[in-house]
Number of protein chains: 2
Amino acid sequence: MINKQQLTVIKIGGDIVDDNALLGAFYTQFKSLKGPTILIHGGGNRASTLQEQLGHSPIKVDGRRVTDLAALEIVTMVYAGLLNKKLVAGLQAKGTNAIGLSGADGDAIRAHKREVTTVDYGFVGDIDRVNVSFINDLLLDGKIPVFSAITHDGNGQLLNTNADTLAAKIAMAMSSLYNTQLFYCFTKPGVLQDVTNDQSLVTRIDKGLYKEMLAAGQIVAGMIPKLETAFQALAQGVVRVHLGKVDMLGDNAIKHTTLCL
Amino acid sequence: MINKQQLTVIKIGGDIVDDNALLGAFYTQFKSLKGPTILIHGGGNRASTLQEQLGHSPIKVDGRRVTDLAALEIVTMVYAGLLNKKLVAGLQAKGTNAIGLSGADGDAIRAHKREVTTVDYGFVGDIDRVNVSFINDLLLDGKIPVFSAITHDGNGQLLNTNADTLAAKIAMAMSSLYNTQLFYCFTKPGVLQDVTNDQSLVTRIDKGLYKEMLAAGQIVAGMIPKLETAFQALAQGVVRVHLGKVDMLGDNAIKHTTLCL
């Protein structure tokens, strides 16, 4: 199995999809990538904005967002509709044969509603199964699957899923067939020693350094689950995980992103 | 080419997707259909409701709706997101391997922005090309393509398209490979001699009868473009066109729907 083909799984934040300049840079970089590719996109602020416009207050418990039925409808509209189709049409215009998917389409991603313990997160999905053969058929056919992080439970219920986790689960599952690398793209160059200084990029991070930086308060907020997910992916077959900007995909990645190892 | 396989193309109105009782009846009938099937759904009232909630007044010129940029975003959210994924998850729950698509996905349906003559309809698409080989690959793979009527122009622009027309164009294009029948499903039993009396079903209609009924004022409003599209489909290779209720799909269709011929 040493000669498995390379697969690139890319997760881009919703803030990139919302920004046409960043999105343009992304399309250009994306087009230069070689071999099969899977794209997963986040949601950005559009869902929150729409929620506010409709007079729904986002519900949070212990600082974490709860997806009630109204919120589920909104994220389904924004992620699986507006952003997913914007990306697919944009990629098609660049000659990339993208196909937009939710987890329900082709039964691609099966999840279950998160169990209620101390907190009821509502219609939030934890992923059970990635349909590797369906996704692989699309890749073999030259398609670029573009996933929004809306999944289903197989009983007709759509579920809101974390896009970072979805990207990692897809990368892990596809590792049975491919040498899979995972890119988390956002608006920062990667893990920074000083979050206020974009020049302070940490180009390589292992679990030991991660724990040191965590203890020192250098890694905070959304970067914590992202790095936890990255190390989990590495432990489960993914070959490399990079974190960085969209214009550092491809050959620039080694020098100009954070490589998790 | 006499032995071409049968293909069923079904268009369901958005009012059916919005009504869980009708949708349940539809899923049951749909599951009983034999052979490859393609589903196209309309939008119903959800897009208009959302437009009103967001304080956008639907713009109409000469009684026809204009799709400005805000309206395009709303229909993309509602049709390609909310309704499409609801349908796909519902079909998946019945063991039907549905895959939801807009015209941008896999470059399935290419359209152009309608030219401005006396009226500028905005981001409304007239269909140029149906990607028969992509759709057929999905059918051969046992998938049920589920289309929302959002298309693209190949240059990154999404377009709002009439769902009846999209269904007819798909049926016409697929007729090169299949004996294709087209069903228009709505909440009425079909063409009625008296629109206030559901018992007055016209079970067979040809162009001659259509013109008589049109002259007599028996066929009005949305039924006119639907029947025009039906006769156009028949003229371009579609074998049969039925109009009727969702629970009359399949073997009941001959007696309990309107057959256009």
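In chain B, Gln181(B) stands opposite Arg240(B), a residue of strand 13 of that chain. This report describes a predicted model, in which local features need pLDDT of at least 70 and side-chain atom pairs count only at pLDDT 80 or more, while totals for chains, interfaces and linings use all residues. Residues are numbered from 1 along each chain as its sequence is written, and chains are lettered from A and ligands numbered from 1 in the order in which they are written.

## The sheets

Helices (H or I, at least four residues) and strands (E, at least two) are DSSP runs, numbered from the N terminus. Two strands pair if DSSP finds at least two bridges between them. Strands of a sheet pair through backbone hydrogen bonds, either parallel or antiparallel.

The strand that faces strand 13 in the opening example is part of a parallel pair: strand 11 (residues 179-185) of chain B is joined to strand 13 (residues 240-244) of chain B by five bridges. Both belong to an open sheet of eight strands in chain B, with the order 5-8-2-1-11-13-14-12 and mixed pairing. At its edges are strand 5 and strand 12 (204-205) of chain B, each of which pairs on one side only.

Chain A has an open sheet of eight strands in the order 5-8-2-1-11-13-14-12, again with mixed pairing. Strand 5 (98-101) and strand 12 (204-205) of chain A each have a single partner strand, so one side of each is left without a neighbour in the sheet. Within this sheet, strand 1 (residues 6-12) and strand 11 (residues 179-185) of chain A run parallel and are joined by seven bridges. Lys11(A) stands opposite Tyr184(A) of strand 11 of chain A.

## Helix packing

The table lists three helix pairs. Axes are lines fitted to C-alpha atoms, for helices over the stretch in contact, and angles run from 0 to 180 degrees between N-to-C directions.

| Helix pair | Angle | Axes |
|---|---|---|
| Helix 4 (69-93) of chain A and helix 4 (69-93) of chain B | about 115 degrees | 7 Å apart |
| Helix 3 (46-53) of chain B and helix 4 of chain B | about 135 degrees | 9 Å apart |
| Helix 6 (163-174) of chain A and helix 8 (223-235) of chain A | roughly 5 degrees | within 10 Å |

Angles under 35 degrees count as roughly parallel, over 145 as roughly antiparallel, 65 to 115 as roughly perpendicular and the rest as oblique. Helix 3 of chain B is therefore oblique to helix 4 of chain B, and their crossing is right-handed. A crossing is left-handed if the near helix is turned anticlockwise from the far one by less than a right angle, and right-handed if clockwise. Residues are in contact if their C-beta atoms, placed from the backbone, lie within 7 Å. Here Arg46(B), Ala47(B), Leu50(B) and Gln51(B) of helix 3 meet residues of helix 4 including Ile74(B), Val78(B) and Leu82(B). This contact has nine nonpolar, one polar and one charged residues. Ala, Val, Leu, Ile, Met, Phe, Trp, Tyr, Cys and Pro count as nonpolar, Asp, Glu, Lys and Arg as charged, and the others, Gly among them, as polar.

In chain A, helix 6 and helix 8 are roughly parallel to each other. Their contact joins Asp164(A), Thr165(A), Ala168(A), Ala171(A) and Met172(A) to Pro225(A), Lys226(A), Thr229(A), Gln232(A) and Ala233(A). By class, it has five nonpolar, three polar and two charged residues.

## Where the chains meet

Helix 4 of chain A and helix 4 of chain B are roughly perpendicular to each other, and their crossing is right-handed. Among the residues in this contact are Glu73(A), Gly81(A) and Lys85(A) from chain A and Glu73(B), Gly81(B) and Lys85(B) from chain B. The contact of these helices has eight nonpolar, four polar and four charged residues.

The contact between the chains takes 33 residues from chain B and 33 residues from chain A. On the side of chain B, helix 4, strand 5 (98-101) and strand 9 (150-152) each supply at least two residues. Helix 4 of chain B gives the most, with 13 residues. This side of chain B divides into twelve nonpolar, 14 polar and seven charged residues.

Copies are superposed by least squares on the C-alpha atoms of residues with pLDDT of at least 70 in both. A turn of 180 degrees and a shift of 0.0 Å along the axis lay chain B on chain A with an RMSD of 0.0 Å. This is the relation of a two-fold axis. In chain B, the C-alpha of Gly81(B) is nearest the axis, 1.8 Å from it. The same surface serves both copies, as 100% of the contact residues of chain B recur in chain A.

Note on methods
Contact = placed C-beta atoms within 7 Å.
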